[in-house]
Every structure is written in structure tokens, then in C-alpha cells.
Amino acid sequence: MVRDIRIADYDYPLPDSLIARHPCEPRDACRLLVRHHDGTVAHHGFRELPGLLPDNALMVCNNTRVINARIKMRKPTGAEIEIFCLEPCLPRDYAQAFAATGHCSWVCLVGNVKRWKEGALDKELEMPDGSRITLHAVLAGTEPGGARRIDFSWEPAHATFATVIERAGYIPIPPYLCRDSELSDTVDYQTVYSKTEGSVAAPTAGLHFTPSVLDAVRERGIGICELTLHVGAGTFQPVKSDVIGEHPMHTETVSVTLPLLDAIIDARSGHRPVTAVGTTSVRTLESLPYLGRMVMENPGIPPSRLHVEQWDPYGTPCFDTDEALRALRDYIEQGGHAALTASTAIMIAPGFRWRVVDGMVTNFHQPQSTLLLLVASFLQRTGRPDEWRDIYTQAAEAGYRFLSYGDAMLLL
């Protein structure tokens, strides 16, 4: 049973010397390990990726943009309080939250919260035009998992929250980098195609792409489509239970457009492989058939109720993937929406039935992580259950750089 998988079986030695603290310069100068369809492994540079992708493939990227989610504020006593914005709650829609003027509320993690029992925290901000804004933060309630609801307000109120947080906060680089954010991270920790604000962590497989690599992909006749999954802090949440069945997966907001669904449906009908850039793109793409099945069973369901639960893929009766994708496409079109916004907490682990993704570009992930389970599941489709371990061992012995700023893999 999938839920009985022991996370200890997905451990491996990761010496500190293999953890990349900064990216390669330029970013496409990193290395690329390629695992071919027949299980053979080859070593390349990332700039060679366009020529290594399957002919007529469709490549799907996550266009989310990392926000300056960490805000440091001080009490009048001098105590420093750090507010880590996770997701908006009033308004709940990301676009509306960033466009809000005067006030909005977010679910946040709060550092040193024991020193902040009540009262407002204030922070003076200097805007790019030289004007000044005062940001106020007030504790407004407790959320699950130890998070807090924070009410933000600012004056003058004409500025958007997107402008305010850009000046008030800083990029939240992963904790395992064991360093403070640097000015270079404001560029390095964004993909070159990032555009939709909302993530608190980057879709790191996309960090290796440059405009020239993307142009070379297009020149090969490979289509490039985008989706949005706003990466939450839960992506770094360690699996603390012995078996994965006791680990609660985090929920993340996803957004897909009609052109993306049309491209996926067309690729599948033409037997053209779908290659996902990053595990966030994988999680979104593999959630789509289950969202489609929901609208097939309940055509009137509102988008706000479209959510893939952690174990839905393992208890759902058999259904046709293409039929579900077409149903989801029709649901969006009939609703008159330019895009569908839903959510997913999907768990992809060995035993998962893959429905959409045929290949992926990804990084080397942390030991005993849900992302490593996803990679192991993908490799298990055509290889051995423990093939992931052989690949990671080869990469370590060859000196590959691991984690967010590290090197990449192409798995086919």
C-alpha cells in the first residue's frame, strides 16, 4: 500500500559540500544529468537541453513569481518580529490581494511571536518615487499549523499591496541554504519567465532556463505552455512520520488556461510527449484529470470547491484521462473564464498512476522529502523501484550540485 511507504527508505547521504549556496553564472551553465527511456544515464550541460527533448514534445512551465514574503518589523521595545506571508485570506484571490489598496489580510508564520501579544507593529517604507508609506500589522487570529492571521493596513492607502510588500519584505530563500537573503537572490531566485505573483519559494527547475535556451526549444518545434502553481512554504515541510500515510500534504493554488488544456489534449491525441519543468508543473498537470472527473460528476460545482485531496488518485475508480481533460476544458469555456483557479494537495509517490506527464526537468531534492517520492514514482514507471538511488549516487560521485540552486536532471 502506498500509505505504508516508509520515508526512511528514501534517505541518502547529502554532504554539505554538495549543496549549492548560489546558482551557476550564467544560470544555464549548470550540468544536466539525463535519464533516457531505456534507463541509461548520460551527462550533459543544461544548454544542450533543447536537443535532448523528444521530437514534437510539449514543454510546460510554471510562471509563478516569488514575492518578498519575509517582512522584518520591530516593536517599540526593540524586539524584532519576522512575518512570513504564506497566502492571502481577505481577499483570498491572489490577484485581488496584490491589487488591494489600504488593507488586506494574510495567513503568516510569525517569528518571535511570543514577544508580540497585542498591538500594531509599524514599518516606515520609502517608495521608488521618494514618497513614504507607513505599514501596520496586527495579530488577528490563529490559523492551523501554528500560523497566524495578520491584518495589514497602510497609509497613504492608494498604493497596492504588491507595491508595499515589494518595498517592505525580502526574498525567502530556502532554509537549508543556511544564509541570509542577498541582493543577488532578487534575480537569481526568479525564473526568467516568472510573471504571476504569489509564491514563497521558486519552482527551482525553471531557474536554469535563459532566453537563449527557450528560443532553442522553440526552434526545434517544441511548444512551450505555462501554468501557475503558487509554491507554498509546505514544499520544505519535512516528513516527520514514519510512513507517508501519516504525513499531511500542503495545499497549493493552481491556475490553468484554455490554451494550456487545448495544447495538452492536442499533444495527447497526437501521441506527443508532455514534458513538465519542475515538480510544481508535474503536480498541477497530474491534478487536472481529477479536477476534470469532479466536473464530470458535478457539472455545476463552483471553481472554489475544485480541490484534489492528497489521496484522491489512489481511491478513485478508473476513468478515462482524455475524457476528463475535455470535460475540464468545456467547464472552463462554458463558465466564461479565461482561466480556472483551483487547488491541489496531491501526493505523488511510488504506486501513483501517471496520466499526463511523460518527462520532466527537475533538480536533486532533499533526502526523505515528498519531492524525492515524486521522482522515485516517475522512475518506477519503466525502471526499478530503487532506480532513484542509483541516479542520485551517480550524481553525487560525479560532483553534481544539489537542491534549489544546484544542477538539473532530465528524466524521460
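**Exercise 1. Determine how strands β13 and β14 are joined, and place them in their sheet.**

*Solution.* Step 1: Strand β13 (residues 223–229) and strand β14 (residues 252–257) run antiparallel, and two bridges join them. The structure examined here is a predicted model.

Step 2: One residue pair can be named, since Thr228 has Ser255 of β14 as its bridge partner.

Step 3: Both strands belong to an open sheet of ten strands with mixed pairing, whose order is β2-β1-β19-β18-β15-β3-β13-β14-β17-β16. The edge strands are β2 (41–45) and β16 (307–308), each of which pairs on one side only.

Step 4: Helix α6 (residues 258–269) lies across β13 and β14, and also across β3 (58–62) and β15 (274–277). The helix runs at about 75° to β14.

**Exercise 2. Decide whether the chain is as compact as a globular protein of its length.**

*Solution.* Step 1: The chain contains eleven helices and 19 strands.

Step 2: Its radius of gyration is 21 Å, and the globule rule gives 22 Å for 412 residues. These values are close, so the chain is as compact as a globular protein of that length.

Step 3: Along the principal axes, the C-alpha atoms fill a box of roughly 65 × 55 × 45 Å.

Step 4: Of the 412 residues, 54% count as buried. Among contacts between residues at least 6 apart in sequence, 73% join residues at least 24 apart.

**Exercise 3. Establish how many residues of helix α10 are buried, and what covers them.**

*Solution.* Step 1: Helix α10 (residues 370–380) is mostly covered, with ten of its eleven residues buried.

Step 2: Among the buried residues are Thr370, Leu374, Ser377 and Phe378.

Step 3: The cover includes the strands β1 (31–35), β18 (359–363) and β19 (408–411), together with the helices α7 (279–297) and α11 (387–397).

**Exercise 4. Classify Asn112 and Cys178 by backbone angle and by accessibility.**

*Solution.* Step 1: Asn112 is not a glycine, yet its phi is positive, near 65°. Cys178, also not a glycine, has a positive phi of about 55°.

Step 2: Asn112 is placed in the loop between β7 (103–111) and β8 (120–126). Cys178 lies in the loop between β11 (169–170) and α4 (185–188).

Step 3: Exposed means over 50% relative accessible area, and buried means under 20%. Asn112 has 37% relative accessibility and therefore counts as partly exposed. Cys178 has a relative accessible area of 63%, so this residue is exposed.

Methods. Residues numbered from 1 in each chain as written. Predicted model: local features only at pLDDT ≥ 70, side-chain atom pairs only at ≥ 80, totals over all residues. Heavy atoms only, no water. Pairing = 2+ DSSP bridges. Helix = DSSP H or I, 4+ residues; strand = E, 2+ residues; numbered from the N terminus. Contact = heavy atoms within 4.5 Å. Axes fitted to C-alpha atoms, helices over the stretch in contact; angles between N-to-C directions. Rg over C-alpha atoms; globule rule 2.2 N^0.38 Å. Buried < 20%, exposed > 50% of the residue type's maximum accessible area, 1.4 Å probe, protein only.
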